[in-house]
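Me: I'm new to reading protein models and would like some help. Could we go through one together, feature by feature?

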Amino acid sequence: MMRAIGRIAEPPPTQTRSAPGAPPAPLGGSVQIRHVDAGSCNGCEVEIGAAFGPVYDAERYGARLVASPRHADALIVTGVVTRNMAEPLRRTYAAVPAPKRVVAVGDCARNCGVFAGAYGVAGAAGDIVPVDAEVPGCPPRPEAIVAAVRELTGR
Amino acid sequence: MSPATPALAAAHSASRFWPGIGAHWGLTWPALAGAGTLALITALFSLAVPRRWRAVVSGAGTALTGLAGAAAGVAAVTGHRSPTLSVPGVLPLSGVTLAVDPLGGWFIAVTGAVAVAVGSYAIGYQGRAASRPSAAVLPLFVASLLAVPAAASAVTLLACWELMALTSLLLVLAEHKRRPEVAVAARWYAIMTHLGLVCVLAGLMLFAAHARGDSFAALARAAPHLSPAVKSTVFVLVLVGFGSKAGLVPLHAWLPRAHPEAPSHVSALMSAAMVNLGLYGLIRVGSGLLGGGSAWWWLLLIALGAVSAVYGILQAAMSTDVKRLLGCSTTENMGLACVGIGAGGLFATTGHPVLAGLALAAALLHVATHAAFKTLLFLAAGSVLHAAGTRDLDALGGLRRGMPATTLAFGWGALAASALPPGTAFVSEWLLVQALIHGLHGASTATAITLPLAVSAVALTAGLAVATFVKAFGTGFLAKPRSAGAAAAHESPGSMLAGMGLAGAACAILALVPGAVLPAIGRAVAAAEVAAASGAGGVVTLRLDGLAGEVSPLLLTVALLIVMVAAAAWLRALPARSARRKARLWDCGGGPLTARMEYTATSFAEPLQRVFDDVLAPETDLDVTHHDEARYLVASAEYRGRVPDRIERRLYEPVLRAVGAWGDAARRLAPGSVHRYLGYGFYAVAGLLIVLAVTR
């Protein structure tokens, strides 16, 4: 089947910088990312899976998902931050060695989305840890996630 | 034979009876007599004094007995000659004959040194709970241990051997009122040690029947005229007897039972001093009295030793009871020493006296190093048992905070037991491997097959020993406490720490300057009549005499320390250049880490258990209980896993079952009817009369 279809990955776009005046990325081309599900509905997780899958293949821009914040340069936070996950999110952020970046993926992580004001909600990701970049959408498209990751890696 | 034998015989005839006051006594006999007298006085005083002072009297007397014994042993191994002592009236038929040569002196010195540490430790360990019998028997046990290597006739040896077995049995039984398992362990020990005695008795009596008299001098004179069949029978019988005392596989079953159940100072004495005497018996009878013999004896001994070493350390690696682990490790170390003794005998029969001397020296050095670190480890384990109330490694942990000195002692002992520099066992195992490797030149087919296998067994044993002692130290003393007892553990009293300190110092001396004891070992090897040379010399650097090979434990340790200090300094200097921050230990962001998240001793050993699955045959059992109303829902699940001793299961259980069935069958003969018993008597007499009438 692969032979019939041929290449399934999206072609690599020409290198662009979304903010042309931004300083060069401090993480230097290779970024290890720890994903924290702070209370998501798993919609964003599916899209992150797609972004790092063979089709959108975010790894070719120097990003990798890793299993521990101790190995990571950046956090991807999805979902509204629930009361039970607020402290673990703070500790995960503290465990990432500096310099570090946090990306809030999805509307819930940005501004609590449809769950704003619900009783178990501690706030958006930005209320708990400092957020450096945001990816809007419910859920965001994989292209948007890849674009945010490319801003981190600078590739 | 060798120059030592005529000298022994001459001394024997010259001092038939007690020598006069002016006779030459040497330094050995006064010290040994002092040890015996001290032991007796201590035993009597321990019976008499009130409970408050009992442990102090018993422990201090035992330490002094050990000190006197060590002095006697040191005098013997430093070349002080002593006359043979013969006391005709003490034992019926043959009397008591005693002589101390450097070989016996080496074992006496090791035993005495162990007893000094154990005696000091016993003061605090027994404390107020010291029972009258166990306090009184302790010095007597030490005295019997000192007497066995001094025996110079078969009957004396057997009498001392039996005294040693009985006193140790009484000491094993010390805590039988508190724990019922003690009685089971003591029963195993009593039966196996006496079966061993029967084998030694049969072997030596067969030997003595072909000699004029039972003194060792007479036996050695008769050995060259014995037929090979008789010699081999004697050797196999004493191998079984002495091998069971040394805990060689498959006669090791008593060892992992008796050692954990005995009080810890007794475990230390048994494991560090008593089992050595099995090796002493093998060297004395096999190499000394029988004078070498055939190559297959020694190949058999090497095979038994190698199997014991690997099997013992595997059982130790699987064990979660810290004292059982140490007991299994005793089997391992005795196995390694047996490889050395076997190689020594093999090289002597194949005409390589230098190699024979080296191999035997390695075995004798290993006896001493094992005694030092096993004393330390058993005393530290006893300290843990004393403080935390459990021997189960899965329930210990976190003792570093409450018992820093004991932790240090066990850590040093664990390092000494794993054959890595600067550990104590490294030196003796290095010598052993050197002897085995150099023996390959010009070897026969059987030797050429055996020696590489023995080297690989020693190497495998060394690797498994590291894993075992990392497990024992890491799960037992580091991390967080897994039970309330371990959390509340407190440091032991000063006398116990002093005992551990003595053993630790002995470990350090043997690890760093083993050259200091090599001249003594050289004399002991020469007395074993295998070879004239010890095969190794030098104080700072150990050199093999006549072979290429040298090692310097002291310089290795210094280099290791320099590297460690440099690495620590570098690591300290490194982050000073960049920002430094304090961070919480990563615990997945959840609550604090608990003791339930730690590696246990069982889980640490699980990968090894998987690797050696075919050898160990672990048993697992899973019971799942379902709800009555919903068969698909699990109410509870119970998992049990254990690693049984496979040799015991295959070899001992059928024998025990057969003996039980035999007993049941015999019971049918005795149903309690007086008429039947009278009938038995009548038929027996009638049958006897008929037999006599027919045969006359």
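Me: Let me start with a single residue: does Ala617(B) count as buried or exposed?

Reply: Good place to begin, and keep in mind that this is a predicted model. The idea is to count the C-beta atoms around a residue: 20 or more within 10 Å makes it buried, and 12 or fewer makes it exposed. Ala617(B) has 12 C-beta neighbours inside 10 Å, so it counts as exposed. You'll find Ala617(B) in the loop between α24 (613-616) and β6 (619-626) of chain B. Its phi is near 50 degrees, a positive value in a residue other than glycine.

Me: What is the phi of Cys112(A), and where does this residue lie?

Reply: Phi of Cys112(A) is near 75 degrees, again positive in a residue that is not glycine. Cys112(A) sits in the loop between α4 (107-111) and β6 (121-123) of chain A. Now use the neighbour count: 21 other C-beta atoms lie within 10 Å of Cys112(A), so this residue is buried.

Me: Let's move to helices. Why does the length of α14 (residues 353-388) of chain B agree with what a helix should span?

Reply: You can check a helix by allowing 1.5 Å a residue. The 36 residues of helix α14 of chain B should therefore span 52 Å, and its end C-alpha atoms are 51 Å apart, which agrees. Just after α14(B) comes Gly389(B), with a positive phi of about 75 degrees.

Me: How many residues of α14(B) are buried?

Reply: 34 of its 36 residues are buried, so α14(B) is largely enclosed by the rest of the structure.

Me: Which residues touch the most other members of the largest nonpolar core?

Reply: A core like this is a set of buried residues joined by closeness of their C-beta atoms. The largest one here has 232 residues, and Val114(B), Leu269(B), Ala359(B), Leu364(B) and Leu376(B) touch the most other members. The helix we just discussed, α14(B), gives the most to this core, with 25 residues. Take Leu364(B) as an example: leaving aside neighbours within four places in sequence, Leu364(B) is in contact with Trp106(B), Ile521(B), Ala524(B) and Val525(B). A second, separate core of 40 residues includes Ala74(A), Cys112(A), Val129(A) and Val135(A).

Me: Stepping back, why does the radius of gyration of chain B agree with that of a compact globule?

Reply: Compare the value with what the chain length leads you to expect. With 696 residues, a compact globule would have a radius of gyration near 26 Å, and chain B has 27 Å, which agrees. The C-alpha atoms of chain B fill a box of roughly 95 × 75 × 65 Å along the principal axes. Buried residues make up 53% of this chain, and its secondary structure comes to 26 helices and 7 strands.

Me: How is chain B divided into domains?

Reply: There are domain 1 (294-572), domain 2 (606-642) and domain 3 (646-695). To see how two domains meet, look at their centres and then their contacts. The centres of domain 1 and domain 2 of chain B are 36 Å apart, taken over C-alpha atoms. Between them, 4 residues of domain 1 are in contact with 5 residues of domain 2. On the domain 1 side, 4 residues are nonpolar, with no polar and no charged ones.

Me: And how many residues does each chain bring to the contact between chain A and chain B?

Reply: Chain B gives 5 residues and chain A gives 7 residues. By class, the chain B side has 2 nonpolar, 2 polar and 1 charged residues.

How values were computed: Residues numbered from 1 in each chain as written. Chains lettered and ligands numbered in written order. Predicted model: local features only at pLDDT ≥ 70, side-chain atom pairs only at ≥ 80, totals over all residues. Nonpolar A, V, L, I, M, F, W, Y, C, P; charged D, E, K, R; others polar. Domains from an automatic or database assignment. Helix = DSSP H or I, 4+ residues; strand = E, 2+ residues; numbered from the N terminus. Expected span 1.5 Å × (residues − 1). Core = buried A, V, L, I, M, F, W, Y, C linked by C-beta atoms within 7 Å. Rg over C-alpha atoms; globule rule 2.2 N^0.38 Å.
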